[in-house]
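Q: I have a model open and I'd like to learn how to read its features. Could you walk me through them?

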Amino acid sequence: MPRRLLLLFLILFIAMIGFGITLPVLPFFVERLALDEGASTGTVAFHVGGLTSAYALTQLACAPLWGWWADQRGRKPLLIVGLGGFAVAQAAFGLGTSLPLLYGARLVGGASSAALLTTSAAYVADTLPVGQRVVGMAWRGTALNLGVVAGPLLSGLLARRDWHVDVELGHFVFDGFSIPFFAAAGMAVAVLPLVIASLPESRHAGTTTQEARPTVAWGEMVGRLGDVLVLVLASQAFLALFEAAFALYAGQELDFSLGQVGYVFVVCGLVMAVFQGGVAGWMAGRVRTRHQVAVGFGLLGMGLGGLLLVESVPVVLGTVGVLALGMALIDPSLLTLVANRSGSSAGVGLGLQNMASSLGQVIGPVLGGVLYAWRPGLPFQVAAAGALTLAAIVWQAPSASSLHRAGSTGFSGSSRSR
């Protein structure tokens, strides 16, 4: 693995720590600010959902634009902008004393995250040859998931009332619950000079001057990537549906404690982190891409459906591990397909991939909530049926030549360079 990619994965790890830090303390921040302003508890729940959606919607809106800009101006400037924006967003959230400030911080955070996620995938595609891209994308996913797991742990250690810190700076407040956000911002600021000094630009590596600033028709790119974007959207919607509905299902139907629900999400993140770099990387070049994606959707569907058949904590953890393994196979394979089909316009293609992923993260929780209100087990039944159906469709997908023009990488092709 090139050394430059290790630095890139460190950036992603820090960025996802910032995302994970927010999860445990977001309800506290909203409750403190909204109730102080005379809001009801129902309004508090509304703003928790609103702040979560604002992050994903900003990612959705910004990802294609960042991808286009990365193709025009290079990867490194956008990585620097994204990392700097992440630091600003974390510090602003930690100092926030009003709901508008929190919304502003989340919007900046979502835009910065879109820049980092889109550009990092394009950087991996630039740096590695076609046959090694699945491995690079898998390790990228490992860095992301380790950050998501580490964030809540760091938040639990640092966000404490007994720090007895309470400093008012005009419209801003710094207290014990601000410390995790400043820790994340501090890590980003610390690594930023290293990125500026040591991370080389990847955009022009192996390209001609004419290729350096491609002009891409958005409609053509969507047509080239359409089937893969549908799979990206579906996989992220199924995962987000699980994340949104399981906490309710576990508490009301399985009588799980808050700690037990937390263990389930930690296991999910750890399995995705470990197996993306392990199993997915090992399968690259040994198993056809479409078979890897199909098996991933099959495991995802089996895990989602299996949740309705199990009750004890150990068996639930194992079942969640199965669906997480499915996602670990799906994510790097789809990213690699997008990068390969995008050619010299990988930034645009991966921006569209990030947009589809964000759209899935918006749709999934909404769908899960509606279905859960109808019947508690229905979200998992619908998602399992959808995932298993897609597994069958992808397994039987036609050859690459019948899907796309020559030179693209279709579902039937392996991840080896041809």
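A: Sure, starting with how elements get named: helices (H or I, at least four residues) and strands (E, at least two) are DSSP runs, numbered from the N terminus. Here the protein has 14 helices and two strands. This is a predicted model, where local features need pLDDT of at least 70, side-chain atom pairs count only at pLDDT 80 or more, and totals for chains, interfaces and linings use all residues. Residues are numbered from 1 along each chain as its sequence is written, and side-chain values use heavy atoms, with hydrogens and water left out.

Q: What share of the 418 residues is buried?
A: Buried means under 20% relative accessible area, exposed over 50%, and partly exposed in between (1.4 Å probe, protein chains only). Buried residues account for 55% of the 418. Take Gln292, in helix α10: it is buried, at a relative accessible area of 2%. Val81 of helix α3 (residues 75–95) is partly exposed, at 40%.

Q: What does the side chain of Gln292 pair with?
A: A polar contact is a pair of N or O atoms within 3.5 Å; within protein, one must be able to donate a hydrogen and the other to accept it, and residues adjacent in sequence count only if both atoms are side-chain atoms. The side chain of Gln292 makes one of 3.2 Å with that of Ser333.

Q: How do α10 and α13 cross?
A: Axes are lines fitted to C-alpha atoms, for helices over the stretch in contact, and angles run from 0 to 180 degrees between N-to-C directions. Under 35 degrees counts as roughly parallel, over 145 as roughly antiparallel, 65 to 115 as roughly perpendicular, and the rest as oblique. The axes of α10 (residues 289–306) and α13 (residues 378–395) come within 8 Å and cross at roughly 160°, so α10 is roughly antiparallel to α13.

Q: And where do α5 and α11 fit in, at what angle?
A: The axes of α5 (residues 133–158) and α11 (residues 313–342) also come within 8 Å, crossing at roughly 130°. That makes α5 and α11 oblique to each other. Contact means heavy atoms within 4.5 Å, and this one involves Arg133, Val134, Met137, Ala138 and Arg140 of α5 with Pro332, Leu335, Thr336, Ala339 and Asn340 of α11.

Q: How many contacts join residues far along the sequence, as a percentage?
A: Among contacts between residues at least 6 apart in sequence, 83% join residues at least 24 apart.
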